[in-house]
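I opened a fresh page for a structure I hadn't looked at before. My plan was to browse it and jot down whatever I looked up.

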Amino acid sequence: MSEPRLILYDDKLARNWLPFTLTRPAGELLFGAFALRKRAEHVFGIHCSGHVTDQALAGFTGPHSPPVIELGSVDSTTPRFFLSSRAVPAFNATLPSSATALRIGDEVVGFYCPAGTANPTESQLLEGSADQAHELPGKTLRQVWELMSRNSEQLGEDVHQLHRPQERWLPLPAGVIAIGQPRLVLNDGALIEPGVVLDFRDGPIVLGPHAEVRAYTRLTGPALIGPRSIVFGGRFSGVSIGPYCKVHGEVEETVILGYSNKAHDGFLGHAYLGAWVNLGALTTNSDLKNNYGAVRLWTPAGEVDTGQMKIGCFIGDHVQTAIGTMINTGTVIGSGSNIFGGMPPKFVPPFSWGVELGDHEFEKFISTARTAMQRRDVTLTDSQREMLQRAWQRGRALAAGRSL
């Protein structure tokens with residue numbers, strides 16, 4: 001029997017994970033030690049061949065990311081495995097051998113379709129509907145803030161599964177101070193300078209290939225520093241940092257997708273940052289209300305009570321902030337925005353210009369984005385440009401109070 005194709009799909013909940021899903025499929029968001037798509041590939045041992053999501057994202061590309069495809073283009077003559085991008089399958093999850101829907105708990109999270117059987121309908125993918133379903137071990141994510149609030153726990157579980165406690169943990173490099181029993185994973189080319197303090201009491205620490213932790217850093221696990229990312233000093237705890245980032249200062253319980261910079265002093269707490277974000281020096285967010293109450297957060301369905309005491313900010317792809325920017329508790333900053341001139345409101349529509357929320361002209365935005373990407377030897381393709389232009393148009397609709 002031939003290997004099934006793995007296809008990730010964004011249902012209604014995942015498509016509303018703004019500000020991030022305006023410019024990327026939900027499956028390309030980092031959670032724990034993996035992007036959601038990479039987790040599925042690792043668990044099931046199958047390369048993902050595409051994302052089924054809003055066709056406005058056609059043209060999205062990322063390092064090793066599959067394309068956005070149309071459901072109607074999926075060949076039914078081969079076996080297919082459709083998996084929700086909100087699914088977090090356990091490492092021991094396996095596929096059934098016959099046609100069936102798949103569920104985790106009481107949520108439908110996928111469909112297995114042997115060769116010759118029909119694809120699920122668009123309605124089934126969007127609504128997660130099925131009469132009967134095969135149980136998969138794992139969990140699901142429902143709200144966008146869970147990508148942050150549940151990240152540390154997931155990261156600890158991931159490292160435990162990938163690097164079993166009975167395996168021999170690496171010795172610490174010379175001049176590095178450990179607090180607690182060392183649980184360190186260093187991939188090829190990773191570097192930790194003398195003078196770094198690693199606190200393992202709450203979880204392990206993983207450095208990806210060629211990642212660097214420079215002197216005068218205190219890094220508390222669980223923590224993931226992605227490939228070729230550099231930590232320049234400061235205090236870090238409970239972080240998942242993607243590839244090619246530069247970070248400094250105080251960062252707590254935060255996820256940064258990749259290719260983003262926070263290279264100066266300032267606090268970032270209980271936050272989630274997209275890719276290609278640049279935070280100006282001393283940019284700082286609040287993650288706790290003065291009355292210690294639950295934080296309310298903007299969503300496409302309106303402002304909601306998260307039930308969480310600590311919620312910082314959620315910043316979409318290609319956002320820039322000016323030096324000294326102060327960000328309020330529970331702030332959502334839409335992709336492509338350039339923030340300057342004071343404290344932004346708690347919801348900044350995509351592609352906003354300044355805290356007065358003017359329009360960030362598309363040609364000026366795309367010129368800046370192209371330059372930022374070239375500095376990391378990444379080329380902005382024509383298809384990406386077209387996708388970002390559609391995102392700009394949709395962002396203007398949000399700014400006008402219209403739904404996407």
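My entries follow, one topic at a time.

**Before starting.** I noted that this is a predicted model, and I kept that in mind throughout.

**The sheet.** I began with the strands. I found an open sheet of nine strands, with parallel pairing. Reading across, I wrote down the order E13-E16-E19-E21-E23-E26-E31-E34-E36. Which strands sit at the edges? They are E13 (184–186) and E36 (347–348), and each of them pairs on one side only.

I then zoomed in on one pair within that order. Strand E26 covers residues 272–275 and strand E31 covers residues 313–315; the two run parallel and are joined by two bridges. I looked up Tyr272 as an example, and its bridge partner in E31 is Phe314. As a reminder to myself: strands of a sheet pair through backbone hydrogen bonds, either parallel or antiparallel.

**His318, just along the chain.** Following on from E31, I stopped at His318, which is in the loop between E31 and strand E32 (320–321). Is His318 buried or exposed? It counts as buried because its relative accessibility is 12%, and the cut-off for buried is under 20%. I listed what His318 touches, leaving out residues up to four places away in sequence: Ala275, Trp276, Val277, Gly336, Ser337, Phe365, Ala369, Met373 and Leu388. Ala275 belongs to E26, which spans residues 272–275, and it is in the list of residues that His318 touches.

**Asn261.** My next stop was Asn261, in strand E24 (residues 261–262). It is buried too, with a relative accessible area of 17%. What does its side chain meet? I found a polar contact of 2.6 Å between the side chains of Asn261 and Arg376. Setting aside neighbours within four places in sequence, Asn261 is in contact with Lys246, Val277, Asn278, Leu279 and Arg376. Val277 turns up for Asn261 and was also among the residues touched by His318.

**Cysteines.** How many disulfides are there? The count comes to zero. I checked Cys48 to see why: its sulfur is 15 Å from the closest cysteine sulfur, that of Cys113, so the two are too far apart for a bond. A disulfide would need the sulfur atoms within 2.5 Å. Looking from the other end, Cys113 is in no disulfide, and its nearest cysteine sulfur is that of Cys48. Both cysteines are tucked away from the outside: Cys48 is buried at 0% relative accessibility, and Cys113 is buried at 5%.

**Helix H2.** I went back along the chain to helix H2 (36–44). Seven of its nine residues are buried, so H2 is largely enclosed by the rest of the structure. I wrote down the buried ones: Leu36, Arg37, Arg39, Ala40, Glu41, Val43 and Phe44. Just after H2, Gly45 takes a positive phi of about 65°.

**Pocket.** How much space lies in the largest pocket? I got about 1100 Å³. Its lining has 45 residues, and the closest to the centre are Lys38, Pro63, Gly242, Pro243 and Leu257. H2 came up again here: the elements giving two or more residues to the lining are strand E3 (34–35), H2, helix H5 (151–162), strand E23 (255–258) and helix H7 (382–399).

**Cavity.** I also looked for enclosed space and found one cavity of 30 Å³ or more. About 50 Å³ of space lies in it. Its lining is Leu18, Pro19, Leu22, Trp298, Val332, Gly334, Phe347, Val348, Pro350 and Leu398. Phe347 and Val348 took me back to the edge strand E36 (347–348).

**Backbone oddities.** Most residues other than glycine have a negative phi, and most peptide bonds are trans. I went looking for exceptions. The bond from Leu18 to Pro19 is cis, with omega near 15°, and Pro19 is in the loop between helix H1 (12–15) and strand E2 (30–31). Gly221 and Pro222 are also joined by a cis peptide bond, with omega about 0°. Pro222 is in the loop between strand E18 (217–220) and strand E19 (223–225).

For positive phi, I noted Leu282, near 70°, in the loop between strand E27 (278–279) and strand E28 (284–285). Tyr292 has a phi near 60° and lies in the loop between E28 and strand E29 (296–297). Unlike the buried residues above, Tyr292 is exposed, with a relative accessible area of 55%.

Technical notes
Residues are numbered from 1 along each chain as its sequence is written. This is a predicted model: local features need pLDDT of at least 70, side-chain atom pairs count only at pLDDT 80 or more; totals for chains, interfaces and linings use all residues. Side-chain values use heavy atoms; hydrogens and water are left out. Two strands pair if DSSP finds at least two bridges between them. Helices (H or I, at least four residues) and strands (E, at least two) are DSSP runs, numbered from the N terminus. Buried means under 20% relative accessible area, exposed over 50%, partly exposed in between (1.4 Å probe, protein chains only). A polar contact is a pair of N or O atoms within 3.5 Å; within protein, one must be able to donate a hydrogen and the other to accept it, and residues adjacent in sequence count only if both atoms are side-chain atoms. Contact means heavy atoms within 4.5 Å. On a 1 Å grid over the protein atoms alone, a cavity is a set of points where a 1.4 Å probe fits but cannot get out, and a pocket is an open set with protein on both sides within 12 Å along at least five of seven lines; lining residues have an atom within 4 Å of a point. Grid points are joined across faces, edges and corners, and a volume is the space filled by probe spheres set on the points.
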